[in-house]
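Me: I have a chain open here and would like to go through its architecture with you. Could we take it step by step?

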Amino acid sequence: MFAPIASRPCRRRKERVGIVDAVLSVLAWVMLLVVSGYSVLYSTSFVMGTANCSGDNVCDADLLGPAMGTVSIGVLLALIAAVSGSVYCIRRRRYSFYWPIISTVVVIACLYIGAAIATAAGPQ
């Protein structure tokens, strides 16, 4: 009539999101937003690198647009990835604190790439 206990399938345990994940997520999101804001703000100062471009100093000011675009698009894509990954993990009741951390690394990498492009635009 009843199956023995050993032959009954076990239910899968769902991971529960704890207070540690919530605290780490809030800290990581604050870090991501601060780093993203300062990166975009810093990228607006790339134009100052061409201030010495007069006379014999030749500059390639056409590279400033791609440099600022690299930072802005990188920040935008990193924020989209962090939001979508966090929402997915929260809905599945999994840990989500690592999405803003990964996105912060992407923002910093895009800032360095943009700064390298802007440096190439400076005096030759």
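The exchange below covers the fold, the helix packing, the core and some individual residues.

Me: What sort of model is this?
Reply: It is a predicted model.

Me: How many helices and strands does the chain have?
Reply: The secondary structure comprises three helices and zero strands. Read from the N terminus, the order of elements is α-α-α.

Me: At what angle do helix 2 and helix 3 pack?
Reply: Helix 2, residues 64-91, packs against helix 3, residues 98-121, at an angle of about 175°. Their axes are 8 Å apart.

Me: Roughly parallel or roughly antiparallel, then?
Reply: Helix 2 and helix 3 are roughly antiparallel to each other, because an angle over 145 degrees counts as such.

Me: What kinds of residues make up the contact of helix 2 with helix 3?
Reply: The contact of helix 2 with helix 3 has 19 nonpolar residues, six polar ones and no charged ones.

Me: Turning to the interior, which residues form the largest nonpolar core?
Reply: The largest nonpolar core has twelve residues. Among them are Leu 32, Phe 46, Leu 64, Val 71, Val 107 and Leu 111.

Me: Which helix gives the most to this core?
Reply: Helix 2 does, with six residues. Helix 2 and helix 3 each supply at least two residues of the core.

Me: Ala 67 is in that core as well; what does it touch?
Reply: Setting aside residues up to four places away in sequence, Ala 67 touches Phe 46, Gly 114, Ile 117 and Ala 118. Of these partners, Phe 46 and Ala 118 are also listed in the core.

Me: What percentage of the chain counts as buried?
Reply: Of its 124 residues, 24% count as buried. The chain exposes about 8900 Å², and carbon and sulfur atoms supply 67% of that area.

Me: Now helix 1. Is Ser 25 buried or exposed?
Reply: Ser 25 lies in helix 1, residues 19-43. Ser 25 is buried, as its relative accessible area is 10%, and the cut-off for buried is under 20%.

Me: Which residues is Ser 25 in contact with?
Reply: Apart from neighbours within four places in sequence, Ser 25 is in contact with Ser 96 and Phe 97.

Me: And where is Ile 108 found?
Reply: Ile 108 belongs to helix 3. Ile 108 is partly exposed, with a relative accessible area of 35%. Its C-alpha atom is separated by 7.7 Å from that of Val 35, although the two residues are 73 residues apart along the chain.

Me: What share of the contacts join residues at least 24 apart?
Reply: Among contacts between residues at least 6 apart in sequence, the share is 78%.

Conventions. Residues are numbered from 1 along each chain as its sequence is written. This is a predicted model: local features need pLDDT of at least 70, side-chain atom pairs count only at pLDDT 80 or more; totals for chains, interfaces and linings use all residues. Side-chain values use heavy atoms; hydrogens and water are left out. Axes are lines fitted to C-alpha atoms, for helices over the stretch in contact, and angles run from 0 to 180 degrees between N-to-C directions. Helices (H or I, at least four residues) and strands (E, at least two) are DSSP runs, numbered from the N terminus. Angles under 35 degrees count as roughly parallel, over 145 as roughly antiparallel, 65 to 115 as roughly perpendicular and the rest as oblique. Ala, Val, Leu, Ile, Met, Phe, Trp, Tyr, Cys and Pro count as nonpolar, Asp, Glu, Lys and Arg as charged, and the others, Gly among them, as polar. Buried means under 20% relative accessible area, exposed over 50%, partly exposed in between (1.4 Å probe, protein chains only). Contact means heavy atoms within 4.5 Å. Accessible areas come from the Shrake-Rupley method with a 1.4 Å probe; for residues, only the protein chains shown count as cover. A nonpolar core is a set of buried Ala, Val, Leu, Ile, Met, Phe, Trp, Tyr and Cys residues joined through side-chain atoms within 4.5 Å.
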